[in-house]
Amino acid sequence: MTAVRKRSGQKKSELPWKKILFIFNPVAGRSQIRNSLLDILEILSAADFKVVCYPTRNRGDARRIARERRDDYLYIACAGGDGTLDEVVSGMIENPEKPFVPIGYIPAGTTNDFATSLHIPSDMKQAARVIVNGRAFRCDLGLFNGKDYFTYVAAFGLFTGASYQTPQELKNQLGHFAYILQGMTELGQMRAYNMRVRAVSAEASAESSPGTAAAFSVDPGAAAPPVPGTEPSETGTSETETPGSGSTGSGSSEQEILESASTESGSTGSGSSEPVVSGGGVSASGTERGDRHGDGMDLCFEGEYAFGMITNSRSIGGFQNITGSRVDLQDGLFEVTLIRMPTNPLEMSEILMFMGNPELKTNMVISFKTSKILLTCDEQVSWTRDGEYAGSHKRVLLENCPQKLKILVPEEHARPF
């Protein structure tokens with residue numbers, strides 16, 4: 001335990017130690033951590049931190065080191081890609097006997113999506129200074145099938161293999177372009193997965209966890225105002241996880257569901273809190289709205305999707321604002337993006353245009369916000385968590401853990417975004 005002592009004539013008590021567990025991946029990104037390691041340690045040591053260093057050698061090392069830690073630390077810091085951060089978070093949670101302390105993150109990967117979303121500098125020395133001078137920001141954390149965590153994205157389908165199948169040597173040589181080359185090789189293997197989707201709408205999320213999830217984002221000048229009781233709510237500070245798992249709906253037609261969602265939210269853009277298909281209704285069978293099982297899952301539909309991602313980030317794959325401009329990292333909600341299988345070059349062009357500007361309207365993309373979502377398929381589907389392979393599954397349940405993650409960010413960005 002940490003002792004507190006007072007010096008003679010000193011009113012403010014001090015910690016007799018400041019210890020950091022520093023886990024780093026020496027081959028992340030272009031192995032630049034090797035060139036910056038001494039500078040990083042000097043910055044931390046100059047701030048009177050005692051630094052305990054562990055380099056990783058294999059996948060899973062960061063998770064094991066964080067899980068098996070025996071000492072108490074003020075912070076746990078890591079340097080590497082988003083996958084390294086994912087492992088550190090999971091390892092910390094797997095050791096409930098130790099406190100879940102704030103994490104210092106020095107991005108050293110190829111894309112560093114989550115660091116970008118948190119305004120953590122890409123320069124490693126500047127990122128080390130954030131650990132010294134920054135403040136803890138509480139953001140949402142994702143739970144994958146009840147046992148694994150992800151910090152910013154879980155995904156299936158096209159291009160997801162590029163993140164973990166691209167050789168490290170190629171990433172070191174070409175950087176982000178290596179992912180593009182690897183992704184292009186997957187185009188010839190494009191296929192659709194028949195997914196049955198059940199989810200808690202943003203409205204139901206706000207009702208079940210008042211003050212945690214913002215119910216709706218209303219576009220100015222929308223044709224219809226929100227229905228009573230669905231005004232935007234302020235972001236709260238609750239850490240309560242949203243209950244509920246699985247339901248079917250009321251049996252309304254798919255077009256009625258999407259029109260209802262658009263009317264209630266007062267929005268027609270992809271940043272809406274309800275299921276929104278830019279330009280039309282969900283092209284899927286059996287779309288329903290309701291909560292017959294009383295478990296909160298009030299959205300239910302089925303469709304053929306070539307790609308899907310459940311995110312809590314402003315940057316995915318190096319692309320900024322790919323899930324819209326209204327992403328709140330601590331609102332208790334995921335951004336869901338499901339892309340239908342293109343059948344001709346025009347549909348493919350629509351998808352590519354949407355990826356470049358999510359505010360565009362297209363029937364090829366479904367996007368909405370949720371605190372919990374269940375996706376099922378009759379065949380095994382490969383998934384990724386934070387860019388790392390997460391196994392093949394027929395059933396994946398993703399739950400938002402509001403503001404569970406504490407991470408150090410620049411002081412000016414420590415307030416709610």
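Asp48 sits out in the open: with 62% relative accessibility, this residue counts as exposed. Its place is the loop between α1 (33-46) and β2 (50-55), and its phi is positive, about 70°, although Asp48 is not a glycine. Keep in mind throughout that this is a predicted model.

A second aspartate has a positive phi too. Asp386 has a phi near 50°, again in a residue other than glycine. Is Asp386 buried or exposed? Asp386 is buried, with a relative accessible area of 2%. This residue lies in the loop between β15 and β16, and that loop is the turn of a hairpin, with two residues between the strands.

**The strands around that hairpin**

β15 and β16 pair in the antiparallel sense, over nine bridges. One of the pairings matches Lys372 with Glu399 in β16. β16 (residues 388-409) also has strand β5 (residues 135-144) as an antiparallel partner, again through nine bridges. There, Phe137 has Ile407 of β16 as its bridge partner. In a regular strand, side chains alternate between the two faces of the sheet.

**Salt bridges**

Searching the whole structure turns up twelve salt bridges. Side chains of opposite charge can pair when their charged atoms come close. Three of the pairs are set out here.

| Pair | Closest N to O | Relative accessibility, first residue | Relative accessibility, second residue |
|---|---|---|---|
| Arg67 and Glu94 | 3.1 Å | Arg67, 31% | Glu94, 31% |
| Arg191 and Glu379 | 2.6 Å | Arg191, 35% | Glu379, 31% |
| Glu335 and Lys369 | 2.5 Å | Glu335, 3% | Lys369, 4% |

Take Arg67 and Glu94, whose salt bridge has its closest N and O atoms 3.1 Å apart. The two residues come from distant parts of the chain, 27 residues apart: Arg67 belongs to helix α2, while Glu94 is in the loop between α3 and β4 (103-107). Arg67 counts as partly exposed, and Glu94 also counts as partly exposed. Nor is this pair on its own, since Arg63, Arg67, Glu94 and Asp148 are linked in a network of salt bridges.

Arg191 and Glu379 meet at 2.6 Å, N to O. This pair links parts of the chain that are 188 residues apart, with Arg191 in the loop between α8 (176-186) and β8 (193-201) and Glu379 in strand β15 (residues 365-385). Arg191 is partly exposed, and Glu379 is partly exposed as well.

Then there's the Glu335 and Lys369 salt bridge, at 2.5 Å from N to O. Glu335 is in strand β14 (residues 334-340) and Lys369 in strand β15, so the pair ties together parts that are 34 residues apart in sequence. Glu335 counts as buried, and Lys369 counts as buried too.

**An arginine without a partner**

What is the nearest side chain of opposite charge to Arg69, which is buried yet has no salt bridge? That would be Asp72, 6.9 Å away. A salt bridge needs the nitrogen and the carboxyl oxygen within 4 Å. Arg69 is placed in the loop between α2 (61-67) and β3 (75-80). Leaving aside residues up to four places away in sequence, Arg69 touches Leu21, Ile76, Gly91, Met92, Asn95, Lys98 and Pro99.

**Two twelve-residue helices**

Two of those contacts, Gly91 and Met92, are among the buried residues of α3. Helix α3 (residues 82-93) has twelve residues and reaches 17 Å from its first C-alpha to its last, close to the expected 16 Å. How many of its residues are buried? Twelve of its twelve, so to speak of α3 is to speak of a mostly covered helix. Among these buried residues are Asp82, Leu85, Val89 and Ile93.

Helix α11 (residues 345-356) has twelve residues as well, with end C-alpha atoms 17 Å apart, which agrees with the 16 Å they should span at 1.5 Å a residue. Its buried residues are Glu347, Ile351 and Phe354. Why do they count as being on the same side of α11? Because they cover an arc of only 65° around the axis. An α-helix has 3.6 residues a turn, so residues three or four places apart point the same way. The buried residues of α11 pack against β14 and β15. On the face turned away from that buried side, α11 carries the exposed residues Pro345, Leu346, Leu352 and Gly356.

Notes
Residues are numbered from 1 along each chain as its sequence is written. This is a predicted model: local features need pLDDT of at least 70, side-chain atom pairs count only at pLDDT 80 or more; totals for chains, interfaces and linings use all residues. Side-chain values use heavy atoms; hydrogens and water are left out. Helices (H or I, at least four residues) and strands (E, at least two) are DSSP runs, numbered from the N terminus. The expected span of a helix is 1.5 Å times one less than its number of residues. Buried means under 20% relative accessible area, exposed over 50%, partly exposed in between (1.4 Å probe, protein chains only). Lys and Arg count as positive and Asp and Glu as negative; His and the chain ends are not counted. Contact means heavy atoms within 4.5 Å. Two strands pair if DSSP finds at least two bridges between them. The arc is that of the directions from the helix axis to the C-beta atoms.
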